Amino acid sequence: MTDPRLTRRGSLVRLGGFLATAVGAAGLKIETSEGAGPAAVASGAVSCVLTPEQTEGPYYIANEAVRRNITEGRPGLPLLLRAFVVNASTCKPIKAAAVDIWHADAGGIYSGFGSGAGNRTFMRGLQRTNAKGLALFRTVYPGWYQGRTVHIHVKVHLGGNVVHTGQIYFPDAVTDAVYRNQPYSSRPNRDVRNAADSIFRNGGSKSLVTVKKNGAGVYVATIMMGVHRS
Ligand code: FE
């Protein structure tokens, strides 16, 4: 008998809230009263989320610099992105994965495109995960652009293969609070929130960050990405 919850697709259903809570409470350890690890996964006690694939979109530039701070001094409220990569089958952290992110600046501009065409690098960078599966980026809270809710694009590379292409989203209430500040507030209100975004609607709720503002006024956003190794 196969418990449907143990199938890959089934694992999509059981979710992020649990993982986010586990991350917040214990760093990266997935713990339940019944223990963690592959045995717990097999028993159904623990289930990691296979993070949904989402379109790369038109603004990807390959082979960006390996760097933590991707802002190049551009304005915006400071954002620390904590991106964890875990094996969706075992819940174990994946070390040395290359996490590749890109997003619009506070003005909604992508480097390399449109009015950002003169610079192909701002708000783009790569980091490798550590033994806890963690890749850290220092950036600013992304601005919005026409037709999309706020997001950060991400790719995860393992051993030269892309094992995940996705988009990372923010709770609307957090974005509302951020956008009351300059430089965001000098722009018109965004035109699309999460629920109305056609890409978000296709699994985006499984790629929502949990956000806290720390004592230094930095928005600390945490995301858990469950991937398959190939
Ligand atoms: Fe985008």
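Biologist: In this predicted model, is R190 buried or exposed, and what is its relative accessible area?

Modeller: Residues count as buried under 20% relative accessible area. R190 falls under that cut-off and is therefore classed as buried, its relative accessible area being 11%.

Biologist: Which residues are joined with R190 into one network of salt bridges?

Modeller: The side chain of R190 meets that of D176 in a salt bridge at 3.0 Å, N to O, and because R190 lies in the loop between helix 4 and strand 7 while D176 lies in helix 4, the pair ties together parts that are 14 residues apart in sequence. R190 also meets D172 in a salt bridge, at 3.2 Å, N to O, and this second pair links the loop to helix 4 across 18 residues. Through salt bridges that share partners, the network joins R190 with D172, D176 and R193.

Biologist: Of the two helix 4 partners, D172 and D176, which counts as buried and which as partly exposed?

Modeller: The class of partly exposed lies between the buried limit, under 20%, and the exposed limit, over 50%. D176, at 26% relative accessibility, is therefore partly exposed. With a relative accessible area of 17%, the residue that counts as buried is D172.

Biologist: R148 and D197 also meet in a salt bridge; how many residues apart in sequence are the parts that this pair ties together?

Modeller: Their side chains meet at 2.7 Å, N to O, and R148 is buried at 9% relative accessible area, as is D197 at 0%. R148 sits in the loop between strand 4 and strand 5 (151-158), whereas D197 sits in the loop between helix 4 (172-178) and strand 7, so the parts tied together are 49 residues apart.

Biologist: What is the strand order of the open sheet of four strands?

Modeller: Strand 4 (134-140) and strand 7 (210-213) each pair on one side only and are the edge strands. Strand 1 (residues 78-87) pairs with strand 8 (residues 219-227) in the parallel sense over nine bridges, while strand 7 and strand 8 run antiparallel and are joined by four bridges. The pairing is accordingly described as mixed, and the order is 4-1-8-7.

Biologist: Which residue takes a positive phi in the hairpin of strand 7 and strand 8?

Modeller: At this hairpin, K213 has Y219 in strand 8 as its bridge partner. Five residues lie between the strands, and the residue with a positive phi, near 80 degrees, is G217.

Note on methods
Residues are numbered from 1 along each chain as its sequence is written. This is a predicted model: local features need pLDDT of at least 70, side-chain atom pairs count only at pLDDT 80 or more; totals for chains, interfaces and linings use all residues. Side-chain values use heavy atoms; hydrogens and water are left out. Two strands pair if DSSP finds at least two bridges between them. Helices (H or I, at least four residues) and strands (E, at least two) are DSSP runs, numbered from the N terminus. A salt bridge is a side-chain nitrogen of Lys or Arg within 4 Å of a carboxyl oxygen of Asp or Glu. Buried means under 20% relative accessible area, exposed over 50%, partly exposed in between (1.4 Å probe, protein chains only).
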